[in-house]
Amino acid sequence: MEILYNILDAYAYEIVFVDRNHIVRYMNKTAKQRYGSRVQVGNSLFNCHNENSKRLTLEEFLERADAGEEEMFEVLNGKTGEREFFVPVKDASKKVIGYFERHEMFWSKDKPEAPIFEYWKSKN
């Protein structure tokens, strides 16, 4: 498991794994840097998301994942310019055990080589 955690921490994009009850179970290094104290392992995802607006959407995505859908487009975030995707995580029996959001950013053509860690540092 240590190798897996090291790989996930080396990954330049945030990974926040959330169980079906919307409790944060894992955050990689990038996620901790991006979200700081707003998101904590063991706490509800709704501590940082609007519960009323997000719960219905997340439950819809979970239903679609239970029906067999894989990664699903969520939204183009007007504030950050990111495309956000809902990614279900399944166990060996293909049962959905949780999810994470995958973000894609549109980079500046002026600095395409800039590491994402630097991007998040500038946002905090």
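Student: What makes β3 and strand β4 (residues 83-90) count as a pair?

Tutor: This is a predicted model. In this model, β3 and β4 are joined over 4 bridges, in the antiparallel sense. Two strands pair if DSSP finds at least two bridges between them, so β3 and β4 count as paired. As for single residues, Leu76 stands opposite Arg83 in β4.

Student: How do you know that β1 and β5 pair?

Tutor: Strand β5 covers residues 96-104, and 2 bridges join β1 to β5. The definition asks for at least two bridges, so β1 and β5 are a pair. The two strands run antiparallel, and the bridge partner of Val18 in β5 is Tyr99.

Student: What joins strand β1 (residues 16-19) to β2?

Tutor: There are 3 bridges between β1 and β2, which run antiparallel. At least two bridges are required, so β1 and β2 pair. Val16 has Met27 in β2 as its bridge partner. β1 and β2 also form a hairpin, with 4 residues between them. In that turn, His22 has a positive phi of about 70°.

Student: How many bridges pair β4 with β5?

Tutor: β4 and β5 pair over 8 bridges, in the antiparallel sense. Since the definition calls for at least two, β4 and β5 count as a pair. Val89 is matched with Gly98 in β5 as its bridge partner. Here too the strands form a hairpin: 5 residues lie between β4 and β5, and Lys94 in the turn has a positive phi of about 70°.

Student: What is the order of the strands in the open sheet?

Tutor: The sheet has 5 strands in the order β2-β1-β5-β4-β3, with antiparallel pairing.

Student: Which are the edge strands?

Tutor: They are β2 (24-27) and β3 (72-76), each of which pairs on one side only. From one strand to the next, the twist averages 25°.

Student: Why is Met1 called exposed?

Tutor: The relative accessibility of Met1 is 69%. Exposed means over 50% relative accessible area, so Met1 counts as exposed. Met1 is found in the segment before α1 (2-10).

Student: Which residues form a nonpolar patch with Met1 on the surface?

Tutor: Leu4 and Tyr5 form the patch with Met1, and together the three have about 340 Å² of accessible area. A patch takes residues with over 30% relative accessible area, and Met1, at 69%, is above that cut-off.

Technical notes: Residues numbered from 1 in each chain as written. Predicted model: local features only at pLDDT ≥ 70, side-chain atom pairs only at ≥ 80, totals over all residues. Heavy atoms only, no water. Patch = residues over 30% accessible without salt bridge, like charges linked within 9 Å, V, L, I, M, F, W, Y side chains within 5 Å. Areas by Shrake-Rupley, 256 points an atom, 1.4 Å probe, with all protein chains shown as cover. Salt bridge = Lys/Arg side-chain N within 4 Å of Asp/Glu carboxyl O. Buried < 20%, exposed > 50% of the residue type's maximum accessible area, 1.4 Å probe, protein only. Axes fitted to C-alpha atoms, helices over the stretch in contact; angles between N-to-C directions.
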